[in-house]
Amino acid sequence: MQVFLESGSGILMIILMVAVGYVLADRGWFTEDSTKLIARLVTQIALPPYMISSITNDFSKGELLHMLPDLRYPVLSMLILYALSILIVHLIKVKPKHKGLFESMFFNSNTVFVGLPINLAIFGPKSSPYVLVYYMANTTIFWTLGVYLIQRDGQKDPEVSLKAVMQKIFSAPLIGFIIGVLLVVLNIHLPSFLMKGFNYMGALTIPLSMIFIGISVHKAGIKNMEINRDSLGVLSGRFLFAPMLMMLLVLPSSMPILMKQVFILQSCMPVMTNAPVVSKMYKADANFSSIMVTETTLLSLAIVPIMMLIISHLAL
């Protein structure tokens with residue numbers, strides 16, 4: 001019950017910050033350029049120093065070296081979900097123009113803009129490296145297999161540029177994570193003024209991320225939300241099959257309890273905000289992916305407390 005109460009207060013805090021972004025967007029505070037700027041501030045300015053400060057403050061060399069092999073769990077989970085999505089596409093007869101998008105959104109989740117702040121609000125800073133381990137798997141699979149599937153829906157021949165993929169995978173947050181790991185492993189201590197600066201910059205991560213989500217929800221338009229066969233299939237992947245599968249994978253393992261909780265929670269995060277951008281780029285159905293981002297983001301605010309209640313009763 002204590003875990004549920006803590007998650008409930010964390011979710012209320014998140015809803016409040018999302019609402020601020022939504023209301024300000026409704027009042028015309030943000031243009032397309034300013035929204036892109038917020039996204040860049042989070043991913044390229046706030047997150048890298050946050051990763052460095054949190055990892056160096058909260059983890060030892062032994063803990064980090066023991067943690068990294070557990071990357072196999074989210075990778076295995078997403079590959080199984082992909083195979084399951086192919087089966088569900090045929091069972092529920094997903095529209096042909098949505099097939100690749102459906103499969104991509106079924107197994108990929110929003111691990112940074114939604115997953116990171118939610119985990120930080122519920123579990124605190126010690127959860128951030130576990131979030132980043134999941135992020136490493138998620139972003140790699142999205143920018144390879146996920147983008148390939150979305151391209152397949154569009155008018156361009158499905159091909160994936162290795163250079164573009166590597167640039168997306170080795171993004172600023174992941175580089176910050178790698179630097180933090182190296183500092184701990186090599187026992188290097190940065191000057192205190194630099195670490196304080198990293199702490200201040202990293203503190204921007206949660207509020208800016210939540211404001212960005214509020215803007216995105218307003219932009220997509222709540223009135224455009226609809227429930228149909230294809231959308232229900234994606235919702236089942238994000239909020240039913242993904243967490244159930246992750247539970248089956250991590251419950252028998254010997255990983256730390258907090259890591260199990262983070263992995264389960266990360267698995268049922270909403271659709272990646274990159275999906276509409278990639279859809280538009282390759283002339284797939286960007287409207288469908290935008291609606292699914294909105295639906296899954298809003299529903300995640302209700303799903304997370306329920307998931308925390310379930311997690312609190314599991315024998316982790």
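L12 has its place in helix α1, residues 2-26; helices here are DSSP runs of H or I with at least four residues, numbered from the N terminus. This is a predicted model, in which local features need pLDDT of at least 70 and side-chain atom pairs count only at pLDDT 80 or more, while totals for chains, interfaces and linings use all residues. Residues are numbered from 1 along each chain as its sequence is written, and side-chain values use heavy atoms, leaving out hydrogens and water.

Let us start with two residues side by side. Buried stands for under 20% relative accessible area, exposed for over 50%, and partly exposed for in between, with a 1.4 Å probe and protein chains only.

| Residue | Helix | Relative accessible area |
|---|---|---|
| L12 | α1 (residues 2-26) | 59%, exposed |
| N119 | α6 (residues 115-123) | 0%, buried |

L12 also has a partner from far along the chain: its C-alpha atom is separated by 8.7 Å from that of L301, 289 residues apart in sequence.

Now to the helix around N119. Of the 9 residues of α6, 8 are buried, so the helix is mostly covered. The buried set is G115, L116, P117, I118, N119, L120, I122 and F123. Leaving aside residues up to four places away in sequence, N119 touches G124, S127, V131, V262, L265 and Q266, where contact means heavy atoms within 4.5 Å. One of these partners, G124, follows just after α6 and takes a positive phi of about 90°.

Helix α10 (residues 192-202) has two sides to look at. Its buried residues are M195, F198 and G202. They lie on the same side of α10 because they cover an arc of only 55° around the axis, the arc being that of the directions from the helix axis to the C-beta atoms. On the other side, S192, F193, K196 and Y200 are exposed.

M195 turns up again in the lining of the second largest pocket, together with T56, N57, F59, L183, V184, N187, I188, H189 and L190. A pocket is an open set of points on a 1 Å grid over the protein atoms alone, with protein on both sides within 12 Å along at least five of seven lines, and lining residues have an atom within 4 Å of a point. The volume of this pocket is about 160 Å³, counted as the space filled by probe spheres set on the points. Helices α2 (32-58) and α9 (172-185) each supply at least two lining residues. By class, the lining has 6 nonpolar, 4 polar and no charged residues.

Terms used
On a 1 Å grid over the protein atoms alone, a cavity is a set of points where a 1.4 Å probe fits but cannot get out, and a pocket is an open set with protein on both sides within 12 Å along at least five of seven lines; lining residues have an atom within 4 Å of a point. Ala, Val, Leu, Ile, Met, Phe, Trp, Tyr, Cys and Pro count as nonpolar, Asp, Glu, Lys and Arg as charged, and the others, Gly among them, as polar.
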